[in-house]
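Grab a pencil and work through a few short exercises. Each one sets a task and then walks through a solution.

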Amino acid sequence: MADSDTDEKLPIRLLHDRVLVRNDGAEGERRSTAGIVIPATASMGRRLAWATAVGVGPHVRSIVTGDRVLFDPDDRSEVELHGRQYVLLRERDVHAVAAQRVENDSTGLYL
């Protein structure tokens, strides 16, 4: 029988086209550009979210660890690793990548 302390310290390798991301901001209150506080309970249309890639699978072609990615938070699978919350995505579920290595005139792979 495995000890739960041992399980928490095991290294993790993502498979196929999976991307593990950590949300950049809290899902609570937000501020508009004018400084108005928008409560977490405010109804908004479909809103995409930014996160930081902390791990990528071997078949991911356009994302590397440390990139900021844009994804739909309604289509996510949450996972807890070592006491922290992460989101597990497929590369095709990522809408955009923001990184220093991305060229300004590049259209990307999935448009």
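## Exercise 1: The core

Task: List the residues of the largest nonpolar core, then find which strand supplies the largest share of this core.

Solution. Start with the members: in this predicted model, the largest nonpolar core holds 12 residues, namely Val-19, Val-21, Ala-49, Ala-51, Ala-53, Val-60, Ile-63, Val-69, Phe-71, Val-87, Leu-89 and Val-94. Next, look at where they come from: at least two residues each are supplied by S1, S4, strand S5 (68-71) and S7. Finally, pick the top supplier: S4 gives the largest share, 3 residues. This fits a general pattern: in soluble globular proteins, nonpolar side chains tend to be buried together.

## Exercise 2: The sheet

Task: Work out the strand order of the open sheet and say which strands stand at the edges.

Solution. Read across the sheet of 6 strands and you get S6-S7-S1-S4-S5-S8, with antiparallel pairing. Now check the ends: strand S6 (77-81) and strand S8 (94-98) each have a single partner strand, so one side of each is left without a neighbour in the sheet. As you go from one strand to the next, the twist averages 40 degrees.

## Exercise 3: Across the strands

Task: Walk from S6 to S4 and, for each pair of strands, give the number of bridges and one matched residue pair.

Solution.
- Step one: S6 pairs antiparallel with strand S7 (residues 84-90) over 5 bridges. Here Val-79 has Tyr-86 of S7 as its bridge partner.
- Step two: strand S1 (residues 18-23) runs antiparallel to S7, and 4 bridges join them. Val-19 has Leu-89 of S7 as its bridge partner, and both residues also belong to the largest nonpolar core.
- Step three: S1 pairs with strand S4 (residues 49-56), again in the antiparallel sense, over 5 bridges. Opposite Leu-20 you'll find Gly-55 of S4.

## Exercise 4: A salt bridge

Task: Find how many salt bridges the whole structure has, and decide whether Arg-18 and Asp-17 are buried, partly exposed or exposed.

Solution. A search of the whole structure turns up 1 salt bridge. The side chains of Arg-18 and Asp-17 meet in a salt bridge, at 2.9 Å from N to O. For the second part, you need the cut-offs: buried is under 20% relative accessible area, and exposed is over 50%. Asp-17 comes in at 18%, so Asp-17 counts as buried. Arg-18 has 25% relative accessibility, so Arg-18 counts as partly exposed.

One last look around: leaving aside its neighbours within four places in sequence, Val-60 is in contact with His-16, Asp-17, Arg-18, Val-19 and Glu-91.

Definitions and conventions. Residues numbered from 1 in each chain as written. Predicted model: local features only at pLDDT ≥ 70, side-chain atom pairs only at ≥ 80, totals over all residues. Heavy atoms only, no water. Pairing = 2+ DSSP bridges. Axes fitted to C-alpha atoms, helices over the stretch in contact; angles between N-to-C directions. Core = buried A, V, L, I, M, F, W, Y, C linked by side-chain atoms within 4.5 Å. Buried < 20%, exposed > 50% of the residue type's maximum accessible area, 1.4 Å probe, protein only. Contact = heavy atoms within 4.5 Å. Salt bridge = Lys/Arg side-chain N within 4 Å of Asp/Glu carboxyl O.
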